[in-house]
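Please find below a colleague's note on the structure shown here. The points are numbered for ease of reference.

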Amino acid sequence: MIDVVLVALLLYYVYKLVKGTVAINIFIGIVVIYFIYLTVEALQMVLLTKILGGFISVGFIALIIVFQQEVRKFLLMVGSTNFASRRKFLSQLKFLKIEQGTSTDIDAIISACNKMSSSKTGALIVLERNNNLDFLANTGDEMNIKVTQPIIESIFFKNSPLHDGAIIIQDNIVKATRVILPVNNEKNIPQRFGLRHRAAVGVTERTDAIAIAVSEETGQISCFRNGEFLPFENTIELAEILKEDLD
């Protein structure tokens with residue numbers, strides 16, 4: 001029973017990592033090939049069995065190459081220093097999660113984004129979840145400021161010395177400003193999006209963080225999760241999504 005439960009949990013987290021990405025199609029393809037291999041082996045089709053067996057024998061290395069981003073996310077999740085201390089292990093399992101509200105003031109963040117959007121003030125906010133982001137925070141200025149709407153607006157004010165780069169928020173605390181984020185260089189990102197949005201994609205590809213970007217050109221508010229745009233109708237819906245994700 002323990003073996004079955006552990007395998008089920010492993011498959012659950014693998015599915016969570018690849019869900020909504022191109023990798024899910026590759027994952028399904030690999031599963032289909034494996035079942036074809038079992039079928040031809042049972043039918044004693046020697047030639048096909050050898051061909052597919054050779055493919056499967058190097059499958060582990062191929063999986064690492066194909067799913068390198070997903071493998072990185074999984075290892076970051078397992079090895080995060082705050083994995084147990086902040087949420088406790090059981091709270092990582094959605095079906096065993098204890099009711100608790102997010103400690104991050106999402107409403108203050110969204111209000112600040114709305115204000116900056118109306119004034120076309122560029123901003124990039126990273127919300128830390130399970131993966132520890134100290135390796136990114138170290139590229140900026142260490143802070144310890146409680147999150148409020150005026151604080152966020154003042155940080156990204158155009159004449160502020162702290163406005164350049166991203167801020168990282170952990171448990172309602174701005175832990176770093178002027179943070180340098182990894183930039184996604186894929187050409188499938190629309191040309192109208194600049195470095196701020198590419199950085200948001202980059203950090204959410206490599207970690208489980210959520211990034212909110214406010215465009216300096218259009219004032220548009222965008223949200224990113226798992227390296228992709230998070231769709232929402234309005235900022236009220238966005239606030240609800242963030243509260244649920246950070247729970």
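The note takes up the sheet, the nonpolar cores, the salt bridges and one serine in turn.

1. Status of the model. The coordinates come from a predicted model, and the remarks that follow should be read accordingly.

2. The sheet. Seven strands form an open sheet with mixed pairing, in the order β2-β4-β3-β1-β5-β6-β7. The edge positions are held by β2 and β7 (228-229); each has a single partner strand, so one side of each is left without a neighbour in the sheet.

3. The β3/β4 pairing. Strands β3 and β4 run antiparallel and are joined by four bridges. One residue pair can be named here: Q170 has I173 in β4 as its bridge partner.

4. Helix α10 on the sheet. Three strands, β1 (123-127), β5 (210-214) and β6 (221-225), have α10 lying across them. Relative to β6, the helix runs at about 25°.

5. The largest nonpolar core. This core comprises 27 residues, and the members that touch the most others are I109, I125, L127, I212 and L242. At least two residues each are supplied by α6, β1, α8, β3, β5, β6 and α10. Helix α6 gives the largest share, namely six residues. Beyond its neighbours within four places in sequence, I109 is in contact with T104, I125, L127, V147, I152, I169 and I212. A further core of 18 residues lies apart from the largest one and includes V126, I168, A211 and F224. As general background, nonpolar side chains tend to be buried together in soluble globular proteins.

6. Salt bridges of helix α6. How many salt bridges does the structure hold? There are eight. One of them joins the side chains of K243 and D107, at 3.1 Å from N to O. The two residues are 136 residues apart, with K243 in helix α10 (residues 235-245) and D107 in helix α6 (residues 106-118). K243 is partly exposed at 25% relative accessible area, and D107 is likewise partly exposed, at 41%. A second salt bridge is formed between E153 and K115, at 3.8 Å from N to O. Here E153 in helix α8 (residues 149-155) is linked to K115 in helix α6, 38 residues apart. K115 has a relative accessibility of 47% and therefore counts as partly exposed.

7. Salt bridges elsewhere. D141 and R178 meet through their side chains in a salt bridge of 2.8 Å, N to O. Because D141 lies in strand β2 (residues 141-146) and R178 in strand β4 (residues 173-179), the pair ties together parts that are 37 residues apart in sequence. Both residues are partly exposed: D141 has 25% relative accessibility, and R178 has a relative accessible area of 39%. In addition, a network of salt bridges links E128, D134 and K175.

8. The environment of S160. Is S160 buried or exposed? With a relative accessible area of 11%, S160 is buried, the cut-off being under 20%. S160 is placed in the loop between α8 and β3 (166-170). The side chain of S160 reaches the backbone oxygen of S154 at 3.4 Å. Setting aside residues up to four places away in sequence, S160 touches S154 and I155.

How values were computed:
Residues numbered from 1 in each chain as written. Predicted model: local features only at pLDDT ≥ 70, side-chain atom pairs only at ≥ 80, totals over all residues. Heavy atoms only, no water. Salt bridge = Lys/Arg side-chain N within 4 Å of Asp/Glu carboxyl O. Buried < 20%, exposed > 50% of the residue type's maximum accessible area, 1.4 Å probe, protein only. Polar contact = N/O pair within 3.5 Å; in protein donor to acceptor, adjacent residues only side chain to side chain. Contact = heavy atoms within 4.5 Å. Pairing = 2+ DSSP bridges. Axes fitted to C-alpha atoms, helices over the stretch in contact; angles between N-to-C directions. Core = buried A, V, L, I, M, F, W, Y, C linked by side-chain atoms within 4.5 Å.
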